[in-house]
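Good morning, and thank you for coming. Please look at the structure on the screen while I describe some of its parts.

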Amino acid sequence: MSTISAGFRLVRAGWVLVREGVVAALPGEELSGLPKFGWRLARLFTRRRALAYERSDRLAKAVVRLGPSYVKLGQFLATRPDVVGNDMALDLAMLQDKMHTFPKAEAVAAVEASLGRRIGDLYTQFGDPVAAASIAQVHAAETMHEGAATKVAVKVIRPGVRRRFFQDLESYFLAARLQEKYIPSSRRLRPVEVTQTLAQTTKIEMDLRLEAAALSELGENTRDDPGFRVPSVDWERTGRDVLTMEWVDGVKMNNIAGLEAAGHDLKAIAANLIQSFLRHTLRDGFFHADMHPGNLFVEANGTIVAVDLGIAGRLGKKERRFLAEILYGFIRRDYLRVAEVHFEAGYVPRQHNVAAFAQAIRAIGEPIHGQPAETISMAKLLTLLFEVTELFDMATRPELVLLQKTMVVVEGVARTLDPAFNMWKTAEPVVGDWIAGNLGPRGMMIDARDGAKALVTLARQVPELAARAERLSREIDLMAEHGLRFDETTARTIGKAEARYSRSGRVALWVIALTLVYIAWKVI
């Protein structure tokens, strides 16, 4: 039954996308056969008024009609240009959280239920909402701190959003399974795994205690950094459904006229933004992954304050070295080393030839040399690099794709502030320091120290590993003597599971097909 209801919701979503002209805006002329027929059919059912809008506007209207969970889906897919394509990812990234606010009384009830205290005991003043997003909205409030009134921002989860999201999530999983089953070329993108990532990240984002923890961690990492910070968290007034944090007074970074009127040096802000992002990425391995200009404020002294840390990215040491060596290799035109890093990291399968891969990378790097530095986009370079790696069977790496998306956004913001922005010159101090500290003699000493620690840990586990090896040896001997057992109950269970999966898929397809026929008949 859940599959049938998920099928109905999926059909409704598809119908809204068709009516709002989203499908018609896709490059269907490049298609052939049944997909092209479906695209032409979608154009017939598109609202006439929708044809007057740009694709990004059509997409925004459709997603808002579908509700908060689809806004969140769109924002998530904006982080996956490998799945939806770069153009569509940019359109999705433009989705603004211009959702309707919910009543203040519901927000008060949510705060009291989450914190177990009356609103008057928590805040001396609790105002109307000042901003609304897909998952939560923000209220201005005041608290008493050391006898003085302190203005705070209170983020409150939207009522019913969890239930609605997990209902729609069934539709997302159904679509992913059907795509993986019937479109073999999409399996490299792991649609089911992408949906699982969406489910996990949204669960985290819907627990505001975890966003508070991310703000706290980034705040500690950047405590001594010049010109960048995040709001402090009021832990006493923070729970699963409510996050209370410092109120930020500043100019939003998408207000260029306001920044100029306040006397800010836009070139210095652009440089500070890029260097801060690279510092967080390379030094800390933890970065704000939703740094669009609406989430960035500039205070009177020029300090950048980043808010809304619902989406964060992490990079391990291997990934950080991967990024730094790629950038350094392109700067030195050492394409063979860039290729070797991919193989050493295990990103490209060993059956491919390193020299052939280096040749493909040279095709990316050579065109950028000889150009003015301000015209060379690091984000575009990474995008081209990931496109080339597809030819060499490099599987999707979600952490690197999230990094790529964030870099595209951050570099775009910097170029908005300074059209002649020199990405390479600005990044050189941060990247150079990291390379000197991690790939030079000091880095080798750190690696040796880490290796010694790993050897000590392994030595402590030797007795347990020996016992496991002995048990495994006995089990292999028994298997060789008596054969692998496969009892009747196991076979019956596997058969039932396979039959149920196939039956559910057929039922869903029939439901979708019949519903589309019914909709088409009603429209005609």
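I begin with helix H11, which covers residues 208-221 and lies across strands E3 and E5. Its direction makes an angle of about 25° with that of E5. Please keep in mind that this is a predicted model.

A second helix, H7, is formed by residues 104-115. Helix H7 lies across E1, E2, E3 and E5, and it runs at about 110° to E1.

Let us now turn to the sheet itself. As general background, the strands of a sheet pair through backbone hydrogen bonds, in either a parallel or an antiparallel manner. Here we have an open sheet of four strands in the order E1-E2-E3-E5, and the pairing is antiparallel. Which strands stand at the edges? They are E1, residues 125-132, and E5, residues 242-246. Each has a single partner strand, so one side of each is left without a neighbour in the sheet. From one strand to the next, the twist averages 30°.

Within this sheet, consider strand E2, residues 136-145, and strand E3, residues 148-157. These two run antiparallel and are joined by ten bridges. Ala141 stands opposite Val152 in E3.

Finally, I turn to a single residue, Asn295. Asn295 is found in the loop that links strand E7 (286-288) and strand E8 (296-298). Is Asn295 buried or exposed? With a relative accessible area of 6%, Asn295 is buried, because the cut-off for that term is under 20%. Apart from neighbours within four places in sequence, Asn295 is in contact with His288, Asp290, Val305, Ala306, Val307 and Asp308.

Conventions:
Residues numbered from 1 in each chain as written. Predicted model: local features only at pLDDT ≥ 70, side-chain atom pairs only at ≥ 80, totals over all residues. Heavy atoms only, no water. Buried < 20%, exposed > 50% of the residue type's maximum accessible area, 1.4 Å probe, protein only. Contact = heavy atoms within 4.5 Å. Pairing = 2+ DSSP bridges. Axes fitted to C-alpha atoms, helices over the stretch in contact; angles between N-to-C directions.
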